[in-house]
Amino acid sequence: HLFSATIPNCLSYDPAYAYELAVIFQHGIQKMFVDLENYYYYITVTNENYEQPAKPEGSEGGIIKGMYQLIENKDHQVILLGSGSILNESVKAVEILSSIGIAAEVWSATSFNMLRKDGMEKERFNELNPTAKQKKTYVEECLPSSDTPVIAATDYMRAYPEQIRGFIKAPYYTLGTDGYGRSDSRQKLREFFEVDANNIARMAIYSLFRKGDISKKEITSFYKKLKVDPSKPNPWEV
């Protein structure tokens, strides 16, 4: 996806669910074969079997723009932003956090590249038209809070979700698979690269500790429950 971001007319997506893929396909057919626009699509899908939920009402626009709300929680303390197959780990992390009294909501990031493109376009308009009404990036429209931590997790290098850091006003934490390619079970690999539900929950807890919402005693207790190992080597150095 980072390589595809270097090609101006390549629209790349990392969908998690079948309905996301269907919406992207429909959009691509319209854009390339009906409107005859000079674009092509790069779409990553996996061969992993998992439950396919129903499409949230009104999510089509967000799927194409790059993100939409999957699990709403009006009392949320943190926002989990998941991409592709790792979106399911973000969903599982909600249950882990709920078990220790932390409320979270989940957004599906179908394309960090599309979010970056939108952000660059909006920023450029504002720079060239300083006296006009300033435009908000789509990321800012979705995540307007400057106080609620956002934890992004993907199956790619951290540089992929890092592309939108400048458009998020709140504390932003990213998890990715930086390091050598490896062969093992998905569960073990996600644990090794620290992109599984446990590590997403751990990062959410840490973000609230940094914010001052969790005490030293509480975070020590939570880390113990999650079996966090501070001596574990960095995945990108092993």
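A residue is taken as buried under 20% relative accessible area, as exposed over 50%, and as partly exposed in between. The model discussed here is a predicted one. With those cut-offs, Glu 37 comes out as partly exposed, because its relative accessibility is 30%. Its salt-bridge partner is Lys 31, with N and O 3.3 Å apart. Lys 31 has a relative accessibility of 17% and so counts as buried. The pairing thus joins a partly exposed acid to a buried base.

That bridge is one entry in a longer list, as the structure holds 13 salt bridges. Side chains of opposite charge can pair when their charged atoms come close. Glu 194 is a good place to pick up the thread. This residue sits in the loop between H7 and H8, and its relative accessible area of 13% puts it in the buried class. One of its salt bridges goes to Arg 202, where the closest N and O atoms are 3.7 Å apart. Arg 202 is buried too, at 15% relative accessibility. Glu 194 also meets Lys 232 in a salt bridge, this time with an N to O distance of 2.9 Å. Here the pair ties together distant parts of the chain: Glu 194 belongs to the loop between helix H7 (186–193) and H8, while Lys 232 lies 38 residues away in the segment after helix H9 (216–225). Lys 232, at 27% relative accessibility, counts as partly exposed. Elsewhere, salt bridges with shared partners knit Glu 48, Glu 89, Lys 92, Arg 186 and Arg 190 into one network.

The backbone of Glu 194 deserves a word as well. Its phi is positive, about 65°, even though the residue is not a glycine. Lys 227 is another non-glycine residue with a positive phi, of about 60°. Lys 227 is found in the segment after H9, and with a relative accessible area of 74% it is exposed. The two residues therefore fall into opposite classes, Glu 194 being buried at 13% and Lys 227 exposed at 74%.

Turning to the interior, the largest nonpolar core has 41 residues, and the members that touch the most others are Val 78, Leu 80, Leu 97, Ile 102, Ile 151 and Ile 205. Helix H8 (residues 197–211) is the top contributor to this core, supplying seven residues. Apart from this core there is a second, separate one of 19 residues, which includes Met 67, Trp 107, Ala 152 and Phe 167.

Two of the well-connected members of the largest core can be followed through their contacts. Once neighbours within four places in sequence are set aside, Val 78 is in contact with Leu 97, Ile 102, Ala 103, Ala 104, Glu 105, Thr 148, Pro 149, Ile 151, Ala 204, Ser 207 and Leu 208. Ile 205, located in helix H8, is buried because its relative accessible area is 0%. With the neighbours within four places again left out, its contacts are Leu 97, Ile 100, Ile 102, Ile 214, Ile 219, Phe 222, Tyr 223 and Leu 226. Leu 97 and Ile 102 thus turn up in the contact lists of both Val 78 and Ile 205. Of these contacts, Tyr 223 is 18 residues from Ile 205 in sequence, with the two C-alpha atoms 8.5 Å apart.

Helix H4 (residues 112–128) offers a simple geometry check. At 1.5 Å a residue its 17 residues should span 24 Å, and since the end C-alpha atoms are 24 Å apart, the two values agree. The buried residues of H4 are Phe 112, Asn 113, Met 114, Leu 115, Lys 117, Asp 118, Gly 119, Lys 122 and Asn 126. An α-helix has 3.6 residues a turn, so residues three or four places apart point the same way.

At the surface, Ile 29, Phe 33 and Val 34 make up a nonpolar patch of about 330 Å². Val 34 belongs to helix H1 (residues 18–34) and, at 52% relative accessibility, is classed as exposed because the cut-off lies at 50%. Ala 159 is in helix H6 (residues 159–162); its relative accessibility of 35% makes it partly exposed. Between Ala 159 and Asn 88 the sequence separation is 71 residues, and the C-alpha to C-alpha distance is 20 Å.

Terms used: Residues numbered from 1 in each chain as written. Predicted model: local features only at pLDDT ≥ 70, side-chain atom pairs only at ≥ 80, totals over all residues. Heavy atoms only, no water. Patch = residues over 30% accessible without salt bridge, like charges linked within 9 Å, V, L, I, M, F, W, Y side chains within 5 Å. Areas by Shrake-Rupley, 256 points an atom, 1.4 Å probe, with all protein chains shown as cover. Salt bridge = Lys/Arg side-chain N within 4 Å of Asp/Glu carboxyl O. Helix = DSSP H or I, 4+ residues; strand = E, 2+ residues; numbered from the N terminus. Buried < 20%, exposed > 50% of the residue type's maximum accessible area, 1.4 Å probe, protein only. Core = buried A, V, L, I, M, F, W, Y, C linked by side-chain atoms within 4.5 Å. Contact = heavy atoms within 4.5 Å. Expected span 1.5 Å × (residues − 1).
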